[in-house]
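I sat down with this one to see how its sheets, helices and a few odd residues fit together. These are my notes, in the order I looked things up.

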Amino acid sequence: MKFMGYRRNDGKVGIRNYVLILATSVCSNKLAEDISNAVEGSTHINNTFGCCQLGGDARLTLKTVVNTGIHPNVGAVLVVGLGCEGTEPLEVYNEIKKTGKPVEMITIQGEGGTLKAYAKGVSISRKFAQELSLEKKVECDISELILGMECGGSDTTSGLASNPTCGVASDILVGMGGTSILSETTEFIGAEHVVARRGINEKVSQEILDLVRGCEERAMALGEDIRGGQPTPGNIEGGLTSIEEKSLGCIHKSGTAPFQGVLQYADIPAKKGLFIMDTPGQDIESITGMVAGGAQVVIFTTGRGTPTGNPLAPVIKLTGNYHTFKNMEDNIDFDVSEIVSGHKTIKEMGEQLFEEIVEVCNGKITKAEALKHREFCIYKIAPTF
């Protein structure tokens with residue numbers, strides 16, 4: 001199967017063609033946002049970190065920022081820094097430049113203040129936007145797609161309808177040689193043994209078990225029991241009774257394909273197939289990690305409803321709860337409640353969802369995109385000093 005996309009210099013394929021205004025730290029967020037607001041065809045990230053971080057936490061922020069910059073939905077990048085932050089603008093610039101993607105850099109200190117930096121940034125971004133507007137889409141194979149899969153605000157219909165529908169779509173993509181990423185390590189708890197059975201080999205199966213065990217051990221070291229915080233109050237109100245019930249529903253998003261491996265947060269898959277990424281249960285942090293890992297499009301299943309989007313990747317919202325769909329029709333793209341009513345099968349709705357994914361790849365705007373929902377937040381793994 002084919003779709004029309006943008007072929008990048010590094011060989012990857014984008015389904016959008018943004019100029020990314022990339023803030024390297026919280027100190028340059030306002031400037032990045034202002035530049036983006038002035039230039040049609042651009043987008044920006046809200047980077048709340050980037051300075052006074054140590055060790056693995058600092059490295060994770062750098063990796064996420066860089067991998068966001070080299071994302072295939074980005075046609076050109078303007079790196080925007082303060083000039084003295086821990087996530088060094090020059091390092092980010094150099095890493096992006098290695099991929100052959102058009103990139104420029106400004107710093108507030110280097111330009112002599114925000115007003116001068118703003119003027120230069122708008123000029124550079126405007127030029128990028130005009131150049132990108134001349135690029136033509138080319139025919140691309142569906143195997144070049146990476147799908148991110150997320151769930152949030154789950155209720156009883158999530159495990160019964162929307163998550164299994166996502167699983168069918170994921171199986172179709174993986175069967176065609178594409179890649180899918182299952183996220184949210186905290187939401188495998190109680191079902192990790194079921195997930196581990198689907199490892200491509202014993203090594204991957206053990207990695208899955210170790211992933212969940214490590215997640216729980218880190219929480220215990222802080223005196224907290226993750227199992228005591230799940231399901232959330234909203235999940236309980238939606239009819240979920242235990243963390244095991246929630247987790248068994250969550251893992252249905254991954255379909256039936258074997259897991260090829262475990263990715264760390266914001267890692268880019270080195271091969272095709274189905275993967276698990278170690279992300280938190282917080283929706284926006286999780287989506288940010290998968291998009292930094294190269295996901296060009298995201299499926300977000302919800303029972304209670306959510307408006308969440310992303311600055312780079314279109315987010316397709318679906319629900320199996322008819323009342324939620326009617327209540328939040330401005331935000332939710334796809335209604336699979338006919339599974340619950342018995343009028344459609346999971347397979348039928350999964351095939352329709354896959355068709356929706358292809359339409360979005362070909363340019364259809366999701367509701368989150370139309371409403372400019374661009375939520376972005378990097379996972380934090382250690383205290384700031």
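Below I go through the sheets, then one helix, then some single residues.

**Entry 1, the four-stranded sheet.** I kept in mind throughout that this is a predicted model. I traced an open sheet of four strands, running S4-S3-S5-S6 with parallel pairing. S4 (42-44) and S6 (103-107) are the edge strands, each paired on one side only. I also looked up the turn between neighbouring strands here, and it averages 20 degrees, direction ignored. Then I zoomed in on S3 (residues 18-23), which pairs with S4 in the parallel sense over three bridges. In that pairing Leu-20 stands opposite Thr-43 of S4. Helix H3 (residues 89-97) packs on this sheet and touches S3, S5 (74-81) and S6. The direction of H3 makes about 175 degrees with that of S6.

**Entry 2, the seven-stranded sheet.** I found an open sheet of seven strands with parallel pairing, in the order S10-S11-S9-S8-S12-S13-S14. Its edges are S10 (259-263) and S14 (334-335), each with pairing on one side only. I picked the pairing of S8 (residues 146-152) with S12 (residues 297-302), which is parallel and runs over six bridges. Gly-148 stands opposite Val-298 in S12. Which helix packs on this sheet? I noted H6 (residues 156-175), which touches S8, S9 (179-182), S11 (273-277), S12 and S13 (315-319). H6 makes about 160 degrees with the direction of S12.

**Entry 3, helix H2.** I checked the span of H2 (residues 55-69): its 15 residues reach 22 Å from first C-alpha to last, close to the 21 Å expected at 1.5 Å a residue. I then listed its buried residues, among them Leu-60, Leu-62, Val-65 and Val-66. Asp-57 and Asn-67 are on that buried list too. What do the buried residues of H2 pack against? I got S3, S5, H3 and helix H11 (283-292). That ties H2 to two strands I had already met in the four-stranded sheet.

**Entry 4, rings.** My search for aromatic pairs gave one. The ring centres of Tyr-265 and Tyr-379 are 5.6 Å apart and their planes stand at 50 degrees, so I logged the pair as tilted. The two sit 114 residues apart: Tyr-265 in the loop between S10 and S11, Tyr-379 in the segment after helix H15 (367-370). Is each ring residue buried or exposed? Tyr-265 is buried at 3% relative accessible area, while Tyr-379 is partly exposed at 24%. I also saw Lys-380 over the face of Phe-49, 4.9 Å from the ring centre.

**Entry 5, single residues.** Ser-28 is in the loop between S3 and helix H1 (29-38). I counted Ser-28 as buried because its relative accessibility is 0%, against a limit of 20%. Leaving out residues up to four places away in sequence, Ser-28 touches Ala-23, Val-80, Gly-81, Leu-82, Glu-85 and Ile-108.

Where does a residue other than glycine have a positive phi? I noted Cys-52, with phi near 60 degrees, in the loop between S4 and H2. Cys-52 is partly exposed at 44% relative accessibility. I noted Lys-372 as well, with phi of about 60 degrees, in the segment after H15. Lys-372 is exposed, since its relative accessibility is 63% and the cut-off is 50%.

Conventions: Residues numbered from 1 in each chain as written. Predicted model: local features only at pLDDT ≥ 70, side-chain atom pairs only at ≥ 80, totals over all residues. Heavy atoms only, no water. Pairing = 2+ DSSP bridges. Axes fitted to C-alpha atoms, helices over the stretch in contact; angles between N-to-C directions. Contact = heavy atoms within 4.5 Å. Expected span 1.5 Å × (residues − 1). Buried < 20%, exposed > 50% of the residue type's maximum accessible area, 1.4 Å probe, protein only. Phe/Tyr/Trp six-rings, centres within 6.5 Å; stacked < 30°, edge-to-face > 60°. Lys NZ or Arg CZ within 6 Å of the ring centre and 35° of its normal.
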